[in-house]
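Please look through the sequence and the model shown here before reading on. The report below takes up charged pairs, two strand residues, a helix and two pockets.

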Amino acid sequence: MDTVRRWMAGWRLCRGLEQPLEYDDVLLAHLGLPGREREMFTLTDDPALIDRLAAAVTETTWLTVTTQYGDAAAARMGAAGLQPFAEQKVLMSTALRNHPQPATPPPYQLSVQTDGPLDRVQLQTPDGTVAARGMMATVGTDAVMHDIHTDPDHRRRGLGSVVMGALSRRALERGADSALLMATEVGVQLYRSLGWLPEATMVTASGSASAVRSDLGAVLASR
């Protein structure tokens with residue numbers, strides 16, 4: 001799925017990751033996080049691919065399957081001995097020219113910081129508290145948005161929409177015409193209200209530390 005590649009191109013920049021390795025129908029990202037050292041992202045939801053990759057999944061090497069059938073993919077992963085996470089995230093997209101750009105409500109102040117392909121947006125209170133934030137990476141004509149968050153004390157004031165609008169405005173200035181993001185179950189409602197559409201479900205699973213797993217390189221190289 002080319003949409004996964006496009007999303008990955010920006011997501012890895014937002015997270016400061018190296019270019020992922022691609023093995024035919026799998027992208028392998030090195031995250032280097034405690035408990036999440038590596039993650040495989042599939043470009044298809046072929047059941048045979050899930051079964052093959054399951055052999056390389058451990059507690060610290062995760063597998064994310066992008067699919068139109070989240071529950072079926074989770075069941076397949078479970079049957080292969082993996083532990084799918086309860087939350088199924090959603091890959092979403094939108095056309096930037098149609099994105100709402102609401103004004104910043106008082107007393108909040110909007111700031112935008114740019115660093116190469118990255119832009120970071122913050123909404124701050126007069127005392128400097130960060131009430132809401134978000135970031136994005138622009139790659140070609142795509143803007144990939146990431147880490148959209150509103151502090152619990154400042155929710156239900158439309159701040160998330162303001163952050164998204166500011167990011168979309170900056171993306172248009174950079175020449176992007178479309179945007180992508182991976183949404184949590186909580187975030188989907190906000191993004192839908194702003195015109196974003198779901199592209200696919202992303203189901204992630206880890207494995208057991210006690211399970212005997214096959215060599216990752218051998219699994220990825222095999223067909």
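## A term to begin with

A salt bridge, as the word is used here, is a side-chain nitrogen of Lys or Arg that lies within 4 Å of a carboxyl oxygen of Asp or Glu. Side chains of opposite charge can pair when their charged atoms come close. The structure discussed in this report is a predicted model, and a search of the whole structure finds nine salt bridges.

## A network of charged side chains

In helix 4, the side chains of glutamate 173 and arginine 170 meet in a salt bridge, with 3.3 Å from N to O. Because glutamate 173 and arginine 170 stand three residues apart in helix 4, about one helical turn separates them. Glutamate 173 has a relative accessibility of 56% and so counts as exposed, whereas arginine 170, at 22%, counts as partly exposed.

Arginine 170 also forms a salt bridge with aspartate 119, and here the closest N and O atoms are 3.0 Å apart. Since aspartate 119 belongs to strand 8 (residues 118-124) and arginine 170 to helix 4 (residues 159-173), this pair ties together parts that are 51 residues apart in sequence. Aspartate 119 has another partner in arginine 174, with the closest N and O atoms 2.5 Å apart. Arginine 174 is found in the loop between helix 4 and strand 11 (178-183), while aspartate 119 is in strand 8, so the pair ties together parts that are 55 residues apart in sequence.

Is aspartate 119 buried or exposed? Aspartate 119 counts as buried, because its relative accessibility is 0% and buried means under 20%. Arginine 174, at 27% relative accessibility, counts as partly exposed. Glutamate 173, for its part, is exposed, and salt bridges that share partners join Asp119, Arg170, Glu173 and Arg174 into one network.

## Two buried residues in strands

Glutamate 39 lies in strand 3, which covers residues 36-42, and its relative accessible area of 2% makes it buried. Its side chain is joined to the side chain of threonine 64 by a polar contact of 2.5 Å. When neighbours within four places in sequence are left aside, the residues in contact with glutamate 39 are Leu27, Leu28, Ala29, Leu31, Trp62, Thr64 and Thr204.

Threonine 66 is part of strand 4, residues 61-67, and, with a relative accessibility of 3%, threonine 66 counts as buried. Leaving aside neighbours within four places in sequence, threonine 66 has contacts that include Met1, Val4, Thr42 and Thr44, as well as Asp45, Ala200, Thr201 and Met202.

## Helix 2 and its surroundings

Which residues of helix 2 (residues 47-54) are buried? They are Leu49, Ile50, Arg52, Leu53 and Ala54. The buried residues of helix 2 pack against strand 2 (26-33), strand 3 and strand 4, and also against helix 3 (70-79) and helix 6 (216-221). At the N-terminal end of helix 2, aspartate 46 acts as a cap, with a side-chain oxygen 3.0 Å from the backbone nitrogen of alanine 48.

## Two pockets

Rolling a probe the size of a water molecule over the atoms shows where empty space is left. The largest pocket has a volume of about 860 Å³. Its lining consists of 28 residues, and of these Ile148, Val186, Gly187, Leu190 and Tyr191 lie nearest the centre of the pocket. The elements that give two or more residues to this lining are helix 1 (2-14), strand 10 (142-150), helix 4, strand 11 and helix 5 (185-193). Strand 10 gives the largest share of the lining, six residues. By character, the lining of the largest pocket divides into eleven nonpolar, ten polar and seven charged residues.

The second largest pocket has a volume of about 150 Å³. Glu39, already met in strand 3, is one of the residues that line the second largest pocket, along with Arg36, Phe41, Trp62, Thr64, Phe85, Glu87, Lys89, Met182, Met202 and Thr204. Two or more lining residues come from each of strand 3, strand 4 and strand 12 (197-206). Strand 3 supplies the largest share of the lining of the second largest pocket, three residues. This lining divides into five nonpolar, two polar and four charged residues.

How values were computed
Residues numbered from 1 in each chain as written. Predicted model: local features only at pLDDT ≥ 70, side-chain atom pairs only at ≥ 80, totals over all residues. Heavy atoms only, no water. Helix = DSSP H or I, 4+ residues; strand = E, 2+ residues; numbered from the N terminus. Buried < 20%, exposed > 50% of the residue type's maximum accessible area, 1.4 Å probe, protein only. Polar contact = N/O pair within 3.5 Å; in protein donor to acceptor, adjacent residues only side chain to side chain. Contact = heavy atoms within 4.5 Å. 1 Å grid on protein atoms, 1.4 Å probe; cavity = no way out; pocket = protein on both sides within 12 Å on 5 of 7 lines; lining within 4 Å. Points joined across faces, edges and corners; volume = space filled by probe spheres on them. Nonpolar A, V, L, I, M, F, W, Y, C, P; charged D, E, K, R; others polar.
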